[in-house]
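Trainee: Could you take me through one part of this model up close, the place where the ligand sits, and then follow the chain outward from there?

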Amino acid sequence: MSATISVNGRITGERDAVISVFDHGFLYGEGIYETMRTYQSRPFLYERHMRRMRRSAELISLELPFSDDELAARIRETTDAATLPDEAYIRVLVTRGIGELTYDPHATPTPSVVIIVKPHVDPPRSAYEHGVAVVIVDVVRNHPGTVNPMIKSNNLLNCALAAQEAIRRGGFEGVMRNYLGELTECTTSNLFIVKDGVAVTPPLAAGLLPGITREFLFEIGSEIGIAVRERTLKDADLFGADEAFLTSTTREAIPIVTVNDRRIGSGTPGPVTAKLLAAFRRAAEEARV
Ligand code: PDD
């Protein structure tokens, strides 16, 4: 890995990028983040990522110490300093900052801002061509009354535990249910099924991260005449789907062909998924922002 990092504006290589152990991001997982990637060297859907970041910040009462333009300039400084053979992976983290060992936010007047830039690496081509196997995990997605999944939080233990279970069971991803037993999302991606030509994803009210790729797919779908809807989904909806796929910034849309070793639809990537992916990529390559 060769990353270039800005820690509060100081740009270094990964060995020299350090932060205090008294940072409340480290001590308490108190912070938020965004993961973006570039197409044609420009951060894709930047404004939407910033909108979500501001919402995450608000939900933990954290005041972001920059405007969208200021952060864009800092990201540019960091990508300019990086060696990028192709496109960039960009992770922006903002934590509560450095202070005494107390939850009192008055102890941490200055948030820490970290930008990690490294080469974007596409998922293996085989994932798109043959699809991936996922598992429904026993780890339950956070109840919205606890650490609300709406917050793109650095406190990722819930997802990490779910991912551990998925890895143990040989899944490319783990699908989490909520406390009501409804499907929510995967550990680092959103979930869609396709039934009778309609792409369906669980509603935000199920308790999940409002993915930017997920949101964009509603628009892409309407442009190419594929209905994309929100609906409560249960295990049976996934097992009985014609197709399924997962979405995220770094993975675009990857077909799911088995769930808990059971075949979904024909057991091969489906045509609706393929059309949505192709249209998504067209939009990204046009670098619509
Ligand atoms: N993950 N759900 C979860 C729990 C996620 O962590 C992510 C993103 C998504 C998809 O959101 P988006 O389309 O905005 O990338 C859904 C990123 C890629 C990450 O954790 O780095």
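Mentor: Start with Thr213: an N or O atom in its side chain is 2.6 Å from an oxygen atom of the ligand. Keep in mind that we're looking at a predicted model. Thr249 does something along those lines, with a polar side-chain atom 2.6 Å from an oxygen atom of the ligand. Then there's Glu185, whose side chain puts an N or O atom 2.5 Å from a nitrogen atom of the ligand. Taken alone, the ligand would expose 470 Å², and the protein buries 94% of that. Around the ligand you'll find 20 residues, and those that come nearest are Thr35, Glu185, Ile212, Thr213 and Thr249.

Now stay with Thr213 and look at the helix it belongs to, α6. Ile212 and Thr213 are both buried there, along with Arg214, Phe216, Leu217, Ile220 and Gly221. The helix has 13 residues and spans 19 Å from its first C-alpha to its last, close to the 18 Å expected at 1.5 Å a residue. Right after α6 comes Gly225, with a positive phi near 80 degrees.

Phe216 is your way from α6 into the aromatic rings. A search of the whole structure turns up 6 aromatic pairs. Take Phe44 and Phe280 to begin with: their centres are 5.9 Å apart and their planes make an angle of 90 degrees, an edge-to-face pair. Phe44 sits in the loop between β4 (42-43) and α2 (46-59) while Phe280 is in helix α8 (residues 271-285), so this pair ties together parts that are 236 residues apart in sequence. Phe44 has 7% relative accessibility, so it counts as buried. For Phe280 the value is 4%, so that ring is buried as well.

Phe280 also pairs with Phe216: with 5.8 Å between the ring centres and 80 degrees between the planes, this pair is edge-to-face. Because Phe216 lies in helix α6 (residues 212-224) and Phe280 in helix α8, the contact ties together parts that are 64 residues apart in sequence. Phe216, like Phe280, is buried. Add Tyr39, and ring pairs link Tyr39, Phe44, Phe216 and Phe280 into a cluster. Tyr39 has a charged companion too: the charged end of Arg37 sits over its ring, 3.6 Å from the centre. Elsewhere, Lys118 does this with Tyr89, its charged end sitting over that ring at 4.8 Å from the centre.

One last thing to check while you've got the model open is the backbone. Most residues other than glycine have a negative phi. Glu252 is not a glycine, yet its phi is positive, near 55 degrees. You'll find Glu252 in strand β14 (residues 252-259), and with a relative accessible area of 4% it is buried. Asn8 is another non-glycine with a positive phi, about 50 degrees. Asn8 is in the loop between β1 (4-7) and β2 (10-13), and its relative accessible area of 44% makes it partly exposed.

How values were computed
Residues are numbered from 1 along each chain as its sequence is written. This is a predicted model: local features need pLDDT of at least 70, side-chain atom pairs count only at pLDDT 80 or more; totals for chains, interfaces and linings use all residues. Side-chain values use heavy atoms; hydrogens and water are left out. Rings of Phe, Tyr and Trp (its six-membered ring) pair if their centres lie within 6.5 Å; planes under 30 degrees apart count as stacked, over 60 as edge-to-face and the rest as tilted. Helices (H or I, at least four residues) and strands (E, at least two) are DSSP runs, numbered from the N terminus. Buried means under 20% relative accessible area, exposed over 50%, partly exposed in between (1.4 Å probe, protein chains only). A charge sits over a ring if NZ of Lys or CZ of Arg is within 6 Å of the ring centre and within 35 degrees of the ring normal. A residue is near a molecule or strand if one of its heavy atoms lies within 4 Å of it. A polar contact is a pair of N or O atoms within 3.5 Å; within protein, one must be able to donate a hydrogen and the other to accept it, and residues adjacent in sequence count only if both atoms are side-chain atoms. Accessible areas come from the Shrake-Rupley method with a 1.4 Å probe; for residues, only the protein chains shown count as cover. The expected span of a helix is 1.5 Å times one less than its number of residues.
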